[in-house]
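Hi there,

Here is the structure I promised to send over. Have a look at it first, and then read on for what turned up.

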Amino acid sequence: MSIRSEIIGFGHYLPSKVLTNDDLSNMVETSDEWIRTRTGILSRHIAQDETTSVIAENAALMAIKNAGISVQDVDLLILATVTTDNTTPSTAAKVARNLNMRAGAPAFDISAACSGFVYALTMADNMIRLGQIKTAVVIGAETLSKIVDWTDRNTCVLFGDGGGAVVLRAKEGKGDNTDTGVLSTCIFADGSMYDNLKTTGGVSTTQNAGVVFMNGKEVFKYAVGSLSQAAETAMKNAGISKDEINWLIPHQANIRIIESVREKLDLPENKVIISLDHHGNTSAASIPLALSENIANGVLKKGDLVVLTAMGAGFTWGGAVVRL
Ligand code: ACO
């Protein structure tokens with residue numbers, strides 16, 4: 001017997017304002033055709049009044065309700081984000097306050113860019129398996145529109161805002177790959193790639209957040225290799241083969257990256273979840289958003305074996321295998 005983290009609740013939240021490629025073509029020199037064919041993105045949601053904490057709180061509330069638990073049952077809250085409300089305290093602390101979470105239960109942010117949700121899931125799963133906590137809320141939420149240079153067509157067409165959340169709960173499992181819940185996780189980083197994807201500022205350098213800068217070609221190449229490697233490592237650690245999986249949920253950055261990863265992993269098209277067409281790249285929110293939305297619309301079902309794989313600034317990357 002061993003303790004597993006079962007995913008008992010899913011939630012997501014998207015700001016109501018939708019920005020289409022045609023809208024963008026009125027802001028910078030671009031076209032729906034260019035964005036669609038180079039990235040696969042058709043539209044994205046953009047926060048108006050909502051801050052990251054509001055998006056995170058709404059996603060978490062939906063997940064808690066969906067899990068059928070009370071906020072008072074939550075022992076840990078982790079929020080993966082690079083777009084915090086304040087530099088300090090953590091945005092997780094603000095979400096904990098707004099949710100009226102139990103005083104004493106830990107809450108913190110994780111900064112691992114687009115891999116943030118997989119990093120956060122790894123931390124929460126490890127704490128559950130160690131017996132330190134029973135119930136965790138893990139959120140990925142972003143307002144990337146606030147750190148995008150809206151005059152730079154190389155980057156502004158790629159990103160969107162939103163959030164997703166899951167509730168994890170400790171459950172006795174057999175300890176083999178037939179268990180439900182998180183079956184494996186893996187996380188990685190390569191700091192030598194730091195300058196290839198970053199904001200142009202920060203607290204200790206420029207005293208402002210800066211805007212997104214990206215070496216698109218380097219990111220593209222590294223993303224294909226690292227997303228494939230993380231998925232393969234997670235499957236190996238879980239003791240499952242690619243033929244057994246029902247779904248791959250890759251970080252939603254670019255359809256051509258996803259297509260290359262799918263080919264490398266030799267998976268059929270109908271096993272890959274795509275949501276970037278209507279979300280854009282929402283960084284740490286991308287995977288939990290795709291997960292929750294596809295649970296809600298009935299595509300993902302109880303018992304499905306799902307592989308998550310993410311890559312982002314740092315560079316960071318990581319994967320997980322989950323049986324729903
Ligand atoms: N509209 C029209 N033209 C554009 C736009 C735009 N929005 N953006 C760039 N161009 C132009 C460029 O200026 C360039 O023009 P030039 O040839 O006259 O210099 C031309 O299009 C081709 O540019 P490339 O950079 O070669 O285009 P590429 O096919 O490589 O696509 C892209 C660019 C989409 C950014 C690609 O490199 C990519 O997907 N990289 C991965 C980056 C990514 O997804 N980042 C997300 C964050 S990281 C993550 O989440 C993992």
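A polar contact here is a pair of N or O atoms within 3.5 Å. With that cut-off in mind, take lysine 217: one of its polar side-chain atoms lies 2.5 Å from an oxygen atom of the ligand, so the pair falls inside the limit for a polar contact. Please keep in mind throughout that this is a predicted model.

**The ligand and its surroundings**

Two other residues make contacts of this kind. Threonine 30 places a polar side-chain atom 2.6 Å from a nitrogen atom of the ligand. For asparagine 281, an N or O atom of the side chain is 2.8 Å from a ligand oxygen. Taken alone, the ligand has 1000 Å² of accessible area, and the protein covers 75% of this.

Which elements give two or more residues to the shell around the ligand? They are helix H2 (32-39), helix H6 (153-156), helix H7 (216-238) and helix H8 (255-265). Of these, H7 gives the most, with four residues. In total, 23 residues surround the ligand, and the closest are Thr30, Arg38, Lys217, Asn254 and Asn281. Sorted by type, the shell has 11 nonpolar, seven polar and five charged residues.

**Helix H4**

Away from the ligand, you may like to look at helix H4, which covers residues 91-99. Its buried residues are Thr91, Ala92, Val95, Ala96 and Leu99. Viewed down the axis of H4, these buried residues fall within an arc of 145°, so they line one face of the helix. What do they pack against? Their partners are helix H3 (52-67) and three strands, namely E4 (76-80), E5 (107-110) and E6 (135-143). Just after H4 comes asparagine 100, which takes a positive phi of about 65°.

**Backbone points to check**

Most residues other than glycine have a negative phi, and most peptide bonds are trans. Here are some places to view with that in mind.

- The peptide bond from threonine 88 to proline 89 is cis, with omega near 0°. Proline 89 sits in the loop between E4 and H4.
- The bond from glycine 314 to phenylalanine 315 is also cis, with omega near -10°. Phenylalanine 315 belongs to the loop between strand E12 (305-312) and strand E13 (316-323).
- Alanine 113 has a positive phi, near 50°. You will find alanine 113 in the loop between E5 and helix H5 (116-129). Is alanine 113 buried or exposed? Its relative accessible area is 11%, and since buried means under 20%, it counts as buried.
- Aspartate 266 has a positive phi too, near 55°, and lies in the loop between H8 and helix H9 (276-279). Its relative accessibility is 53%, so aspartate 266 counts as exposed.

**A buried aspartate**

One more residue for your list is aspartate 125, in helix H5. At 2% relative accessibility, aspartate 125 counts as buried. Leaving aside residues up to four places away in sequence, aspartate 125 touches Ser5, Leu168, Val182 and Thr185.

If you open the model, the ligand contacts of Thr30, Lys217 and Asn281 would be a good place to begin.

Best wishes

Methods:
Residues numbered from 1 in each chain as written. Predicted model: local features only at pLDDT ≥ 70, side-chain atom pairs only at ≥ 80, totals over all residues. Heavy atoms only, no water. Near = heavy atom within 4 Å. Polar contact = N/O pair within 3.5 Å; in protein donor to acceptor, adjacent residues only side chain to side chain. Areas by Shrake-Rupley, 256 points an atom, 1.4 Å probe, with all protein chains shown as cover. Nonpolar A, V, L, I, M, F, W, Y, C, P; charged D, E, K, R; others polar. Buried < 20%, exposed > 50% of the residue type's maximum accessible area, 1.4 Å probe, protein only. Arc of directions from axis to C-beta. Contact = heavy atoms within 4.5 Å.
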